[in-house]
Amino acid sequence: MEQARARDAATSQPHASVRIPGQQGPEGPASSSSPRVPEQARGEHTHSEPPAPHTVRRHSVRGQILDALRTALVDGELMPGTVYSAPALGERFGVSATPVREAMQQLAVEGAVEVVLNRGFRVIVRSPRELAELAEVRALIEIPVMLRLARTVPAARWSELRPLADATAAAAAVGDRAAYADTDRAFHRAVLSLSGNHQLVMVAEDLHRRSQWPLSTSLVSRRADLVADAAEHMALLEALIAQDLTVVRSLVREHFTGADS
(Lines give C-alpha, C1' and ligand atoms only; values in the text may rest on other atoms or scores of the structure.)
Protein backbone atom coordinates (compact mmCIF):
# COMPACT_ATOMS: atom_id res chain seq x y z
CA MET A 1 0.00 0.00 0.00
CA GLU A 2 2.72 2.51 0.97
CA GLN A 3 4.85 1.91 -2.13
CA ALA A 4 1.72 1.80 -4.28
CA ARG A 5 0.65 5.26 -3.07
CA ALA A 6 4.14 6.58 -3.82
CA ARG A 7 3.68 5.55 -7.44
CA ASP A 8 0.31 7.31 -7.85
CA ALA A 9 0.02 10.43 -10.01
CA ALA A 10 0.51 13.61 -8.02
CA THR A 11 -2.06 16.37 -7.67
CA SER A 12 -1.33 20.00 -6.85
CA GLN A 13 -2.46 21.46 -3.51
CA PRO A 14 -3.08 25.14 -2.78
CA HIS A 15 -0.66 26.90 -0.47
CA ALA A 16 -2.06 27.64 2.95
CA SER A 17 -0.70 29.36 6.01
CA VAL A 18 0.66 27.39 8.94
CA ARG A 19 -1.77 26.88 11.80
CA ILE A 20 -0.98 29.09 14.74
CA PRO A 21 -1.09 27.41 18.16
CA GLY A 22 -3.30 29.02 20.78
CA GLN A 23 -0.65 29.36 23.44
CA GLN A 24 1.67 32.29 23.98
CA GLY A 25 5.40 32.22 23.47
CA PRO A 26 8.11 32.32 26.11
CA GLU A 27 8.13 36.13 26.06
CA GLY A 28 4.39 36.35 26.64
CA PRO A 29 1.62 37.20 24.14
CA ALA A 30 2.70 38.59 20.78
CA SER A 31 1.61 42.16 21.42
CA SER A 32 3.30 45.48 20.87
CA SER A 33 2.07 46.66 24.28
CA SER A 34 3.83 43.85 26.15
CA PRO A 35 7.27 44.91 27.46
CA ARG A 36 10.11 42.68 26.29
CA VAL A 37 12.53 41.35 28.86
CA PRO A 38 16.09 42.34 27.95
CA GLU A 39 18.00 39.32 26.64
CA GLN A 40 20.80 39.70 29.16
CA ALA A 41 18.34 39.67 32.06
CA ARG A 42 16.50 36.48 31.23
CA GLY A 43 18.87 34.07 32.92
CA GLU A 44 19.43 36.15 36.06
CA HIS A 45 18.25 34.77 39.38
CA THR A 46 16.59 36.85 42.08
CA HIS A 47 15.15 35.81 45.42
CA SER A 48 11.61 36.45 44.19
CA GLU A 49 11.93 34.90 40.71
CA PRO A 50 13.38 31.39 40.29
CA PRO A 51 15.11 30.85 36.91
CA ALA A 52 13.92 27.32 36.14
CA PRO A 53 10.47 28.11 34.62
CA HIS A 54 12.09 30.02 31.74
CA THR A 55 13.86 26.88 30.52
CA VAL A 56 10.74 24.74 30.89
CA ARG A 57 8.52 27.18 28.99
CA ARG A 58 11.10 27.62 26.23
CA HIS A 59 11.39 23.87 25.71
CA SER A 60 7.60 23.56 25.70
CA VAL A 61 7.17 26.26 23.06
CA ARG A 62 9.86 24.71 20.88
CA GLY A 63 8.11 21.33 21.11
CA GLN A 64 4.71 22.81 20.30
CA ILE A 65 6.09 24.60 17.26
CA LEU A 66 7.88 21.44 16.13
CA ASP A 67 4.58 19.54 16.29
CA ALA A 68 2.79 22.32 14.39
CA LEU A 69 5.46 22.39 11.67
CA ARG A 70 5.29 18.61 11.30
CA THR A 71 1.53 18.87 10.89
CA ALA A 72 1.96 21.61 8.29
CA LEU A 73 4.40 19.44 6.35
CA VAL A 74 2.10 16.42 6.33
CA ASP A 75 -0.89 18.58 5.33
CA GLY A 76 1.09 20.25 2.54
CA GLU A 77 0.84 23.72 4.08
CA LEU A 78 4.62 24.04 3.89
CA MET A 79 5.34 23.46 0.22
CA PRO A 80 8.26 21.34 -1.05
CA GLY A 81 10.95 23.50 -2.66
CA THR A 82 9.83 26.65 -0.85
CA VAL A 83 12.19 28.55 1.49
CA TYR A 84 10.79 29.72 4.84
CA SER A 85 12.59 32.05 7.22
CA ALA A 86 12.45 31.56 10.98
CA PRO A 87 11.47 35.21 11.67
CA ALA A 88 8.57 35.03 9.19
CA LEU A 89 7.29 31.78 10.68
CA GLY A 90 7.82 33.22 14.15
CA GLU A 91 5.44 36.06 13.26
CA ARG A 92 2.80 33.53 12.20
CA PHE A 93 3.17 31.66 15.48
CA GLY A 94 3.37 34.79 17.62
CA VAL A 95 6.79 33.87 19.05
CA SER A 96 10.39 34.86 18.48
CA ALA A 97 12.46 33.33 15.72
CA THR A 98 14.58 31.30 18.16
CA PRO A 99 12.18 28.42 18.97
CA VAL A 100 11.16 28.25 15.31
CA ARG A 101 14.79 28.02 14.26
CA GLU A 102 15.41 25.28 16.84
CA ALA A 103 12.38 23.33 15.59
CA MET A 104 13.54 23.73 11.98
CA GLN A 105 16.98 22.41 12.91
CA GLN A 106 15.32 19.27 14.24
CA LEU A 107 13.32 18.93 11.02
CA ALA A 108 16.61 19.21 9.11
CA VAL A 109 17.94 16.26 11.14
CA GLU A 110 14.77 14.33 10.24
CA GLY A 111 15.29 15.03 6.55
CA ALA A 112 12.24 17.27 6.07
CA VAL A 113 14.05 20.56 5.39
CA GLU A 114 17.50 21.79 4.48
CA VAL A 115 19.34 24.90 5.62
CA VAL A 116 19.65 27.72 3.08
CA LEU A 117 22.44 30.06 4.18
CA ASN A 118 21.22 33.56 5.13
CA ARG A 119 17.69 32.77 3.96
CA GLY A 120 16.14 30.11 6.16
CA PHE A 121 15.02 26.55 5.47
CA ARG A 122 13.86 24.90 2.27
CA VAL A 123 11.32 22.10 2.42
CA ILE A 124 12.93 19.03 0.87
CA VAL A 125 11.71 18.03 -2.59
CA ARG A 126 11.04 14.30 -2.32
CA SER A 127 10.26 12.15 -5.35
CA PRO A 128 7.93 9.14 -5.57
CA ARG A 129 11.03 6.98 -6.05
CA GLU A 130 12.45 8.13 -2.70
CA LEU A 131 9.22 7.25 -0.94
CA ALA A 132 9.21 3.85 -2.64
CA GLU A 133 12.77 3.28 -1.44
CA LEU A 134 11.80 4.24 2.11
CA ALA A 135 8.88 1.81 1.97
CA GLU A 136 11.24 -0.93 0.76
CA VAL A 137 13.66 -0.33 3.63
CA ARG A 138 10.80 -0.29 6.13
CA ALA A 139 9.57 -3.59 4.72
CA LEU A 140 13.01 -5.17 5.09
CA ILE A 141 13.06 -4.15 8.76
CA GLU A 142 9.46 -4.55 9.87
CA ILE A 143 8.15 -7.59 7.97
CA PRO A 144 10.54 -10.16 9.53
CA VAL A 145 9.91 -8.72 13.00
CA MET A 146 6.14 -8.79 12.60
CA LEU A 147 6.20 -12.38 11.34
CA ARG A 148 8.35 -13.43 14.28
CA LEU A 149 6.04 -11.65 16.73
CA ALA A 150 3.03 -13.33 15.12
CA ARG A 151 4.46 -16.68 16.20
CA THR A 152 5.42 -15.67 19.74
CA VAL A 153 3.10 -12.96 21.09
CA PRO A 154 -0.12 -14.23 22.74
CA ALA A 155 -3.50 -13.13 21.41
CA ALA A 156 -4.28 -11.12 24.57
CA ARG A 157 -1.34 -8.80 23.92
CA TRP A 158 -2.48 -8.15 20.37
CA SER A 159 -5.99 -7.36 21.61
CA GLU A 160 -4.53 -4.51 23.67
CA LEU A 161 -3.65 -2.73 20.43
CA ARG A 162 -7.26 -2.42 19.26
CA PRO A 163 -7.61 1.21 20.45
CA LEU A 164 -4.61 2.19 18.33
CA ALA A 165 -6.07 0.53 15.23
CA ASP A 166 -9.41 2.21 15.98
CA ALA A 167 -7.64 5.58 16.21
CA THR A 168 -6.17 5.19 12.71
CA ALA A 169 -9.63 4.31 11.38
CA ALA A 170 -11.21 7.35 13.06
CA ALA A 171 -8.60 9.73 11.63
CA ALA A 172 -8.95 8.19 8.17
CA ALA A 173 -12.73 8.42 8.24
CA VAL A 174 -12.63 12.21 8.55
CA GLY A 175 -9.66 12.64 6.22
CA ASP A 176 -7.42 14.13 8.92
CA ARG A 177 -4.01 13.48 7.38
CA ALA A 178 -1.97 14.87 10.28
CA ALA A 179 -3.88 12.84 12.86
CA TYR A 180 -3.61 9.78 10.64
CA ALA A 181 0.15 10.21 10.37
CA ASP A 182 0.43 10.29 14.17
CA THR A 183 -1.87 7.33 14.79
CA ASP A 184 -0.28 5.31 11.99
CA ARG A 185 3.15 5.70 13.59
CA ALA A 186 1.70 4.93 17.02
CA PHE A 187 0.23 1.64 15.77
CA HIS A 188 3.44 0.49 14.10
CA ARG A 189 5.50 1.64 17.10
CA ALA A 190 3.32 -0.39 19.48
CA VAL A 191 3.62 -3.50 17.31
CA LEU A 192 7.41 -3.26 17.05
CA SER A 193 7.74 -2.44 20.76
CA LEU A 194 6.57 -5.99 21.49
CA SER A 195 9.96 -7.12 20.20
CA GLY A 196 11.66 -5.45 23.16
CA ASN A 197 14.26 -3.96 20.79
CA HIS A 198 14.34 -0.22 21.48
CA GLN A 199 16.93 0.51 18.79
CA LEU A 200 14.73 -1.19 16.20
CA VAL A 201 11.76 0.91 17.29
CA MET A 202 13.73 4.17 16.99
CA VAL A 203 15.12 3.34 13.55
CA ALA A 204 11.72 2.25 12.25
CA GLU A 205 10.09 5.37 13.69
CA ASP A 206 12.57 7.62 11.90
CA LEU A 207 12.04 5.83 8.57
CA HIS A 208 8.26 5.96 9.04
CA ARG A 209 8.26 9.70 9.76
CA ARG A 210 10.47 10.40 6.73
CA SER A 211 8.05 8.46 4.53
CA GLN A 212 5.22 10.76 5.61
CA TRP A 213 6.77 14.01 4.34
CA PRO A 214 5.16 15.39 1.15
CA LEU A 215 6.12 14.55 -2.41
CA SER A 216 7.83 17.00 -4.77
CA THR A 217 4.49 17.74 -6.43
CA SER A 218 2.64 17.98 -3.10
CA LEU A 219 0.85 14.67 -3.47
CA VAL A 220 -1.44 14.29 -0.48
CA SER A 221 -3.03 10.96 0.35
CA ARG A 222 -6.67 10.79 -0.58
CA ARG A 223 -9.21 10.01 2.09
CA ALA A 224 -9.92 6.68 0.40
CA ASP A 225 -6.21 5.77 0.64
CA LEU A 226 -6.20 6.52 4.35
CA VAL A 227 -9.34 4.45 4.91
CA ALA A 228 -7.85 1.51 3.00
CA ASP A 229 -4.59 1.75 4.94
CA ALA A 230 -6.44 1.85 8.27
CA ALA A 231 -8.51 -1.17 7.22
CA GLU A 232 -5.26 -3.07 6.69
CA HIS A 233 -4.26 -2.27 10.27
CA MET A 234 -7.52 -3.70 11.56
CA ALA A 235 -7.36 -6.81 9.36
CA LEU A 236 -3.77 -7.43 10.37
CA LEU A 237 -4.62 -7.11 14.04
CA GLU A 238 -7.52 -9.55 13.70
CA ALA A 239 -5.24 -12.07 11.99
CA LEU A 240 -2.63 -11.67 14.72
CA ILE A 241 -5.24 -12.24 17.42
CA ALA A 242 -6.44 -15.34 15.56
CA GLN A 243 -2.79 -16.40 15.11
CA ASP A 244 -3.44 -17.06 11.43
CA LEU A 245 0.14 -16.89 10.17
CA THR A 246 -0.79 -17.35 6.51
CA VAL A 247 -3.08 -14.32 6.55
CA VAL A 248 -0.62 -12.32 8.65
CA ARG A 249 2.16 -12.94 6.12
CA SER A 250 -0.04 -11.89 3.21
CA LEU A 251 -1.35 -8.76 4.94
CA VAL A 252 2.03 -7.58 6.17
CA ARG A 253 3.57 -7.81 2.73
CA GLU A 254 0.55 -6.14 1.14
CA HIS A 255 0.71 -3.31 3.65
CA PHE A 256 4.28 -2.41 2.73
CA THR A 257 4.58 -3.36 -0.92
CA GLY A 258 1.07 -3.08 -2.34
CA ALA A 259 1.43 -6.56 -3.83
CA ASP A 260 0.44 -9.88 -2.38
CA SER A 261 3.79 -11.57 -2.86
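In this predicted model, three strands make up an open sheet, arranged in the order β1-β3-β2 with antiparallel pairing. The edges of the sheet are held by β1 (83-84) and β2 (113-116), each of which pairs on one side only. Between β1 and strand β3 (residues 120-123), which run antiparallel, there are 2 bridges, and Tyr 84 sits opposite Phe 121 in β3. Helix α4 (residues 97-109) packs on this sheet and touches β1, β2 and β3. The direction of α4 makes about 120° with that of β2.

Moving along the chain, we come to helix α8 (residues 177-193), whose length matches expectation nicely: its 17 residues should span 24 Å at 1.5 Å a residue, and the end C-alpha atoms are indeed 24 Å apart. At the N-terminal end, α8 is capped by Asp 176, which places a side-chain oxygen 3.3 Å from the backbone nitrogen of Ala 178. Ala 178 is itself one of the buried residues of the helix. How much of α8 is buried? The count is 12 of the 17 residues, so the helix is largely enclosed by the rest of the structure. The buried set includes the charged-residue names Asp 184 and Arg 185, together with Tyr 180, Phe 187 and His 188. Also among them are Ala 181, Thr 183, Ala 186, Ala 190, Val 191 and Leu 192.

Helix α9 (residues 198-211) contains Leu 200, a residue worth a closer look. With a relative accessibility of 13%, Leu 200 counts as buried, because the cut-off for that class is under 20%. Leaving aside residues up to four places away in sequence, Leu 200 touches Ile 141, Val 145 and Ser 195. The C-alpha atoms of Leu 200 and Glu 142 are separated by 8.9 Å, although these two residues are 58 residues apart along the chain.

Helix α11 (residues 245-257) offers another view of how burial is laid out. From first to last C-alpha, its 13 residues reach 18 Å, close to the 18 Å expected at 1.5 Å a residue. Which residues of α11 are buried? They are Val 248, Leu 251, Val 252, His 255 and Phe 256. These residues cover an arc of only 120° around the axis, which puts them on the same side of α11. The spacing fits a simple rule: an α-helix has 3.6 residues a turn, so residues three or four places apart point the same way.

Definitions and conventions. Residues are numbered from 1 along each chain as its sequence is written. This is a predicted model: local features need pLDDT of at least 70, side-chain atom pairs count only at pLDDT 80 or more; totals for chains, interfaces and linings use all residues. Side-chain values use heavy atoms; hydrogens and water are left out. Two strands pair if DSSP finds at least two bridges between them. Helices (H or I, at least four residues) and strands (E, at least two) are DSSP runs, numbered from the N terminus. Contact means heavy atoms within 4.5 Å. Axes are lines fitted to C-alpha atoms, for helices over the stretch in contact, and angles run from 0 to 180 degrees between N-to-C directions. The expected span of a helix is 1.5 Å times one less than its number of residues. Buried means under 20% relative accessible area, exposed over 50%, partly exposed in between (1.4 Å probe, protein chains only). The arc is that of the directions from the helix axis to the C-beta atoms. A polar contact is a pair of N or O atoms within 3.5 Å; within protein, one must be able to donate a hydrogen and the other to accept it, and residues adjacent in sequence count only if both atoms are side-chain atoms.
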